Amino acid sequence: MKLNITKSGIVLSDELKKAAMAANSLLHSGNGAGNDFLGWVGLPSSIDKAQIDAINSCASALRAKADVVICIGIGGSYLGAKAVLDAMSNPFELLRSERKNPIVLFAGQNISEDYMAELLEAVQNHSIATIVISKSGTTTEPAIAFRIIKEEIEKRYGKEEAKSRIVAITDKARGALKTLATNEGYTTFVIPDDVGGRFSVLTPVGLLPLAVGGVDIEALVAGACAMEKATAEEVPFEENLAAQYAAVRYSLYTSGKKVEILGSYEPKLQNISEWWKQLYGESEGKEGKGIFPASVTLTADLHSMGQYIQEGERTLFETIISVEKPKYEVKVEADDANLDGLNFLAGKRLHEINKMAELGVQLAHIDGGVPNILIEIPTINETAIGELLYFFEKACGISGYMIDVNPFNQPGVEAYKKNMFALLDKPGYEEESKAIKARL
Ligand code: PA5
């Protein structure tokens with residue numbers, strides 16, 4: 001992976017470089033805010049063969065039983081698996097009659113009645129299994145989805161067989177899901193205490209659904225391991241990509257750039273942006289501070305958001321994940337009639353055209369006052385994605401410390417839950433219920 005910050009227009013001072021390195025050191029020494037949630041820092045290199053084997057063997061058991069595996073979870077218990085699975089899959093796989101891997105579907109990331117009804121209807125003629133993921137074990141959205149899907153599995157297969165079609169990933173001791181899993185005897189994987197939801201993609205939270213979907217999780221972890229090494233405390237700023245990215249973001253932020261747009265010219269990476277948005281939004285957005293993380297998929301969004309990026313409020317900067325080499329080769333052929341006027345592209349690969357679009361947009365946006373950071377990955381494979389995930393995590397921790405917030409809590413998420421429970425008359429919320437209903 002390469003990071004090119006020359007088009008950001010930022011010249012980093014020694015002071016800023018030192019600040020980024022100091023923030024990185026805090027992540028390693030554990031002397032910063034939220035230090036009980038630093039388990040992700042050394043996570044990749046702590047994953048041994050036995051852990052990978054246990055996950056792969058559980059995945060094989062589910063793959064053998066089900067042609068659709070429904071992953072239930074929300075936020076950090078959903079976005080990582082969805083992001084990597086989409087990056088690694090052929091988006092048109094569903095059209096194949098012969099499939100190598102089960103279809104992985106997601107639930108519990110919303111409370112939409114139509115979504116649930118259509119999901120249940122769609123899997124009627126498929127054999128199903130489920131992985132239910134919740135660190136706290138008490139999150140409402142996945143708990144509701146699990147109640148419904150558990151009932152469906154038990155109705156179809158009977159209570160005994162259902163147990164082998166349900167896997168729970170949760171806290172080692174606490175939470176309703178843990179109690180349920182222990183009582184029912186489900187296979188269970190533990191989310192380490194010191195790894196928060198949005199940093200948990202390299203725990204069983206991400207690895208089990210990915211292994212079910214046919215992703216090589218060993219290679220994914222190996223990529224993350226390489227980036228763990230490359231961004232370690234002793235790696236100097238000039239070689240430490242996470243410290244560099246955090247320092248440039250900080251400098252842009254303090255010069256008035258309040259919105260970062262993550263974009264890519266590969267649509268498969270769209271959900272990497274969704275995962276990244278949660279990682280940065282939930283980690284930095286507090287105490288009235290933080291860069292707002294937004295995303296675009298290109299070139300599609302040039303025809304929707306392009307106008308704003310080029311000429312709207314000048315509070316934006318852009319980070320582009322650029323892929324050097326595609327997997328396949330598709331060329332534009334010459335056409336005798338040339339009625340579409342495209343013969344000037346004859347013989348060119350789509351990748352070449354995509355690259356020229358990328359370059360042209362970069363220059364146009366820079367000219368329009370939108371600084372650009374470029375992250376180059378060699379190709380889309382497990383190793384590169386593993387590197388990218390850890391790179392973003394490390395830079396996020398550094399960024400949070402640089403703006404002096406605790407990057408590992410999310411106190412703001414509680415506000416909506418309190419209101420929702422009060423409106424639904426949850427026992428224990430009687431006073432809040434009265435108060436909120438009086439406001440309606
Ligand atoms: O990053 C986080 O901690 C959150 O986004 C959680 O992942 C999300 O709220 C889901 O929580 P849980 O896994 O406890 O159900």
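Helices (H or I, at least four residues) and strands (E, at least two) are DSSP runs, numbered from the N terminus. By that numbering, Thr-299 lies in the loop between β8 (292-297) and α12 (306-311). This is a predicted model, in which local features need pLDDT of at least 70, side-chain atom pairs count only at pLDDT 80 or more, and totals for chains, interfaces and linings use all residues. Residues are numbered from 1 along each chain as its sequence is written, and side-chain values use heavy atoms, with hydrogens and water left out.

**Backbone features**

- The peptide bond that joins Leu-298 to Thr-299 is cis, and its omega is near 10°.
- Glu-287 is not a glycine, yet it has a positive phi of about 55°.
- The loop that holds Glu-287 runs between α11 (270-284) and β8.

**Ligand surroundings**

- There are 13 residues around the ligand (near means that a heavy atom of the residue lies within 4 Å), and Ser-77, Ser-134, Ser-136, Thr-139 and Gln-278 come nearest.
- Ser-134 places a polar side-chain atom 2.6 Å from an oxygen atom of the ligand.
- Lys-135 has a backbone N or O atom 2.7 Å from an oxygen atom of the ligand.
- For Glu-282, a polar side-chain atom lies 3.0 Å from an oxygen atom of the ligand.

**Packing of α5 with α6**

- Two packed helices are described by the angle between their axes and the distance between the axes.
- Axes are lines fitted to C-alpha atoms, for helices over the stretch in contact, and angles run from 0 to 180 degrees between N-to-C directions.
- Helix α5 (residues 113-122) packs with helix α6 (residues 140-163) at an angle of about 20°, and their axes are 12 Å apart.
- The two helices α5 and α6 are therefore roughly parallel (angles under 35 degrees count as roughly parallel, over 145 as roughly antiparallel, 65 to 115 as roughly perpendicular and the rest as oblique).
- The contact (heavy atoms within 4.5 Å) involves Met-116, Leu-119 and Leu-120 of α5, and Ala-145, Ile-148, Ile-149 and Glu-152 of α6.
- The contact of α5 with α6 has six nonpolar, no polar and one charged residues (Ala, Val, Leu, Ile, Met, Phe, Trp, Tyr, Cys and Pro count as nonpolar, Asp, Glu, Lys and Arg as charged, and the others, Gly among them, as polar).

**Packing of α6 with α7**

- The axes of α6 and helix α7 (residues 176-184) cross at roughly 15° and come within 14 Å.
- That angle makes α6 roughly parallel to α7.
- On α6, the contact is made by Phe-146, Lys-150, Lys-159 and Lys-163, and on α7 by Leu-177, Leu-180 and Glu-184.
- By class, the contact of α6 with α7 divides into three nonpolar, no polar and four charged residues.

**Packing of α11 with α14**

- Helix α14 (residues 382-402) and α11 have axes that come within 9 Å and cross at roughly 20°.
- Helices α11 and α14 are therefore roughly parallel to each other.
- Among the residues in contact are Trp-275, Trp-276 and Tyr-280 of α11, and Leu-388, Phe-392 and Cys-396 of α14.
- The contact of α11 with α14 has 11 nonpolar, three polar and two charged residues.

Definitions and conventions:
A polar contact is a pair of N or O atoms within 3.5 Å; within protein, one must be able to donate a hydrogen and the other to accept it, and residues adjacent in sequence count only if both atoms are side-chain atoms.
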